[in-house]
Amino acid sequence: MSRSEWPVVEGFGPYAADCRYFTGYKPCRFRRLCDGCPEYRPRGTRILLINLDAMGDVVRTTALLPALKRVYPQSFVSWVTLKNAAPILEHNPYVDEVLLYGPDTVLELEPRRFELVLNVDKTRRSAALAQRVQAAERRGFGVNEHGAIVPLTPEAGYQYWTGLDDDLKFHRNRKSEQQMLAETMGLEFRRDPYVLVLGPEERSFVERTRRAWGLGGEVVVGLNTGCSTLFPYKKLPVEYQARLAEELVDRFPGVRVLLLGGPEDAERNREIARLTRAPVLETPCTEGLRRGIQYMDLADVVITGDSLGMHLAIGLGKRVVAWFGLTCEQEIDFFDRGEAVLARVDCRPCWRRACNRPVKCYERVDMEELLGAAGRQIEAAHREKAG
């Protein structure tokens with residue numbers, strides 16, 4: 001929309017209805033009337049991204065944003081997500097608007113029109129929202145008249161089929177989730193990393209904490225000890241992690257160990273600290289997601305299961321050692337800064353929330369293999385710190 005096309009309030013003047021800073025509710029952040037304002041920035045291509053799945057999926061989906069902006073450099077990206085995941089998108093330079101999923105947001109979206117809607121979730125609520133919003137084009141996944149999830153375009157076919165064919169998903173597929181997602185959305189895959197950004201105050205907090213805790217030139221290893229309650233078999237036993245902390249300190253002189261986790265891991269970390277003879281530092285687990293990300297940023301190497309913590313560590317550019325039991329390691333890209341350790345069971349991966357086998361996959365993660373991978377990443381971190 002050119003300035004000459006702006007609507008006019010009779011007796012007052014024109015307003016920039018398509019400006020990315022204009023809300024129509026109160027003066028924008030520049031506190032100027034639209035006519036003659038040098039800060040006018042048209043929204044361009046209006047894009048709605050729908051991602052209501054697990055928080056780790058939200059982190060992973062941020063890798064789609066650079067590819068999207070390459071195709072649509074002048075665009076306004078709105079992202080609908082759940083309230084608990086919204087903090088992940090703070091300070092993200094590619095996202096112009098974060099909308100919290102709920103009845104009010106669905107109502108708000110009804111009169112709006114988008115040039116492009118991208119639904120990355122294979123769930124009914126996300127698919128229904130993608131098809132309810134006014135859009136010139138839709139990509140990703142929708143829902144048919146029978147309530148079944150369906151691919152909206154041929155490009156979505158491969159990722160769609162990995163959800164139906166366990167042999168393809170568990171054994172034959174060699175594409176990362178990021179590659180499948182980019183291809184699903186018809187975008188060129190260039191192996192773009194996650195986009196997880198700390199703001200200035202957050203970076204200052206990390207540096208203050210680093211000094212206060214005496215974390216200087218030594219390598220700091222973070223043990224991300226837990227995961228979501230949906231998949232309890234992604235957690236290593238408490239006794240195992242207590243011993244792991246001891247072995248890290250004994251084998252790699254100068255290494256400092258942090259215990260990381262979410263609110264559900266606070267008691268677990270206290271127990272690990274009680275059981276181990278290693279001088280571990282417990283990070284607070286109940287100060288919110290953004291603060292948890294900042295505590296993780298203190299670490300150089302993160303040892304974790306396949307969890308939100310793993311994706312946050314990848315997003316922060318940490319060196320990562322991740323163990324895998326029930327999930328698919330081939331879908332994870334460490335961007336040449338990590339490696340996977342596989343549980344020694346013949347039934348993996350299975351993606352089951354319950355297991356009736358006498359020996360669980362989390363009991364068959366080889367300690368020596370995990371320490372070997374940790375040693376390689378610690379050595380690489382040492383070299384990076386040395387310049």
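How much space lies in the largest cavity? About 60 Å³, in a predicted model where local features need pLDDT of at least 70, side-chain atom pairs count only at pLDDT 80 or more, and totals for chains, interfaces and linings use all residues. Residues are numbered from 1 along each chain as its sequence is written, and side-chain values use heavy atoms, leaving out hydrogens and water.

**View 1. Here are the walls of the largest cavity, a set of points on a 1 Å grid over the protein atoms alone where a 1.4 Å probe fits but cannot get out.** Its lining (residues with an atom within 4 Å of a point) includes Leu-223, Lys-234, Gln-241 and Trp-323. Strand 9 (220–224), helix 9 (238–251) and strand 12 (301–305) each chip in at least two residues, and strand 12 gives the most, with three. Helices here are DSSP runs of H or I with at least four residues, strands E runs with at least two, numbered from the N terminus.

**View 2. Next up is the second largest cavity, with a volume of about 50 Å³.** Volume is the space filled by probe spheres set on the grid points, which are joined across faces, edges and corners. Helix 2 (64–71) and helix 7 (177–184) each supply at least two lining residues. Among the lining residues are Ala-63, Phe-189 and Asp-192.

**View 3. Helix 11 (residues 289–296) meets helix 12 (residues 308–315) here, their axes coming within 10 Å and crossing at roughly 60°.** Axes are lines fitted to C-alpha atoms over the stretch in contact, with angles from 0 to 180 degrees between N-to-C directions. Contact (heavy atoms within 4.5 Å) involves Leu-289, Ile-293 and Met-296 of helix 11, plus Leu-308, Gly-309, Leu-312 and Ala-313 of helix 12.

Methods
On a 1 Å grid over the protein atoms alone, a cavity is a set of points where a 1.4 Å probe fits but cannot get out, and a pocket is an open set with protein on both sides within 12 Å along at least five of seven lines; lining residues have an atom within 4 Å of a point.
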